[in-house]
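This report looks at charged side chains and how they pair. Please keep the sequence and the model in view while reading.

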Amino acid sequence: MDLDAVADELYGLPPGDFTPARDARVKAARGAGDRKLAEQIRRLRRPTQAAWASNLLVRERPEEVQRLLQLGEALRQAHRDLDGEQLRELSAQQHQLTFALARQAGELTAQAGRRISEATRQEVQDTLHAALADPQAAEQWAKGRLTKPLSAPVGFPAPSRQPAPAPAAGRAEPTGEVADLDAARTRRREQQERLERARQQAAEAEQELHDREDELAAAEEEQRRAEEAQQQAEQRVSDLSRQLEEAEREQQRAREATRKAGDHARDVNRAVREARRRARDSAAHARKLAEQTRRKA
């Protein structure tokens, strides 16, 4: 058993099954004497519903993972090259692919017996969008071990948003329209930033909730072990008390037997002394009779 194998197993489980399975692996690692591995496993955090759905998609649809990674690289290259035509084409593919994959993730969770909400499905789609925008996010997502949904960097166009067509050559946009467009873009950017902050705060709050739930599970497990140890100690005390009572009864019986044996020994000793006295008297009487007989003869 190693950390990678355990992590692969745990992050393929529904969130509700994660903590009991993780605690069982911690116990097994401790039982095998590997405390370092046990601690590493204990620190693994339970995934959110959206993270689990994203992990399930990676595990069950590996060919789609490659499609998304390739599309992300192409999109980032088009941004670097400022290729408007390529961006429009790839952005359309981006919207279609992330929507389709998020729907597939919902189907996979339903097959696993856990349906996800529309809000959770949107978080899955946001995670896919982040994987398109950021190569590090893409690498993290492709491992299938997310604990929370990912967010794309601020400024990367959302999947449903497509770049506006470039103005015709030789024609300049009216100044008023440019100002309005800049203001709209600024408002959109500020709104996106607020949304990202809200999502980040929500993700952090959910992660904190998971941490507290993990601490509660660990505390409950510690309490269970303490109660089990207490029960074993109480049983041991009860067993020792019964053994002590039996030993005291045996001691009493031994004392009584010793007393009776002593009384019997004293009685026998008196009988021996009486027998010796009678033997001496009989011997003396016999000698006396013998002496008298010789004299008469």
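What follows describes salt bridges, a charged patch and a buried residue in a predicted model.

**Salt bridges**

Side chains of opposite charge can pair when their charged atoms come close. How many salt bridges does a search of the whole structure find? The search finds 22. The table lists some of them.

| Pair | N to O distance | Accessibility of each residue |
|---|---|---|
| Arginine 145 and aspartate 8 | 3.1 Å | 28% and 34% |
| Glutamate 9 and arginine 25 | 2.6 Å | 31% and 25% |
| Arginine 278 and glutamate 274 | 3.4 Å | 45% and 30% |

In the salt bridge between arginine 145 and aspartate 8, the partners are 137 residues apart: arginine 145 is in the loop between helix H8 and helix H9, and aspartate 8 is in helix H1. Glutamate 9 forms a salt bridge with arginine 25. Because glutamate 9 lies in helix H1 and arginine 25 in helix H2, this pair ties together parts that are 16 residues apart in sequence. Arginine 278 and glutamate 274 are four residues apart in helix H9, so about one helical turn separates them. Shared partners also join Glu256, Arg259, Asp263 and Arg266 into one network of salt bridges.

**A negative patch**

Asp81, Asp83, Glu85 and Glu89 form a negative surface patch. Glutamate 89 belongs to helix H6 and, at 46% relative accessibility, is partly exposed. Its C-alpha atom is 9.5 Å from that of leucine 75, 14 residues away along the chain.

**A buried threonine**

Threonine 127, in helix H7, has a relative accessible area of 0% and is therefore buried. A polar atom of the threonine 127 side chain lies 3.0 Å from the backbone nitrogen of leucine 150.

Key: Residues are numbered from 1 along each chain as its sequence is written. This is a predicted model: local features need pLDDT of at least 70, side-chain atom pairs count only at pLDDT 80 or more; totals for chains, interfaces and linings use all residues. Side-chain values use heavy atoms; hydrogens and water are left out. Patches are made of residues with over 30% relative accessible area and no salt bridge: like charges are joined within 9 Å, nonpolar side chains (Val, Leu, Ile, Met, Phe, Trp, Tyr) within 5 Å. Accessible areas come from the Shrake-Rupley method with a 1.4 Å probe; for residues, only the protein chains shown count as cover. A salt bridge is a side-chain nitrogen of Lys or Arg within 4 Å of a carboxyl oxygen of Asp or Glu. Lys and Arg count as positive and Asp and Glu as negative; His and the chain ends are not counted. The place of a charge is taken as NZ of Lys, CZ of Arg, CG of Asp or CD of Glu. Helices (H or I, at least four residues) and strands (E, at least two) are DSSP runs, numbered from the N terminus. Buried means under 20% relative accessible area, exposed over 50%, partly exposed in between (1.4 Å probe, protein chains only). A polar contact is a pair of N or O atoms within 3.5 Å; within protein, one must be able to donate a hydrogen and the other to accept it, and residues adjacent in sequence count only if both atoms are side-chain atoms.
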